[in-house]
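Hi,

Here's the model I said I'd pass along. Have a look at it first, and my notes follow underneath.

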Amino acid sequence: MVGSRSRRHRIRVVRLSFAEIMDRCTIGDDSRLFIDGAEIAVAYYRSGYAPTDFPTDKEWEGRWLVERSRAISVPSLAYHLSGCKKVQQVLAQPGMVER
């Protein structure tokens, strides 16, 4: 985990693996996402583009925890999946995009 603050805008930045999300994050009754008691407004994914980024169910559950929350996911799950190689292979087949 890496924690820092943007000096100019004083925005707290926390970097977690998908497994760490399951260990440290919770969703409130109103679907807000929290880490160690602080609300998370935006989840920016720097990984998760390859199957190797999800070696166990815990990583998938961490991603799904964020998706179920009100936090803004960047990229969205649909856009994130479209960047996966297997999805790109399927979409590259003739007529698949039109379908």
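The accessible surface of the protein is about 7,400 Å², with 54% of that belonging to carbon and sulfur atoms (Shrake-Rupley, 1.4 Å probe; for residues, only the protein chains shown count as cover). Bear in mind that this is a predicted model, where local features need pLDDT of at least 70, side-chain atom pairs count only at pLDDT 80 or more, and totals for chains, interfaces and linings use all residues. Residues are numbered from 1 along each chain as its sequence is written, and side-chain values use heavy atoms, leaving out hydrogens and water.

On the fold: there are four helices and seven strands (DSSP runs numbered from the N terminus, H or I of at least four residues for helices, E of at least two for strands). Along the sequence they run β-β-α-β-β-β-β-α-β-α-α. Of the 99 residues, 22% are buried (under 20% relative accessible area; exposed is over 50%, partly exposed in between).

Helix α2 covers residues 57-68, and its 12 residues reach 16 Å from first C-alpha to last, close to the 16 Å expected (1.5 Å times one less than the number of residues). Its buried residues are E59, G62, R63, L65 and V66. They line one face of the helix, because they fall within an arc of 150 degrees seen down the axis (using directions from the axis to the C-beta atoms).

There's also a nonpolar surface patch: V42, Y44, I72 and V74, about 390 Å² of accessible area together (residues over 30% relative accessible area with no salt bridge, nonpolar side chains joined within 5 Å and like charges within 9 Å; a salt bridge is a Lys or Arg side-chain nitrogen within 4 Å of an Asp or Glu carboxyl oxygen). Strands β6 (42-44) and β7 (72-74) each supply at least two of its residues.

Cheers

Notes:
Buried < 20%, exposed > 50% of the residue type's maximum accessible area, 1.4 Å probe, protein only.
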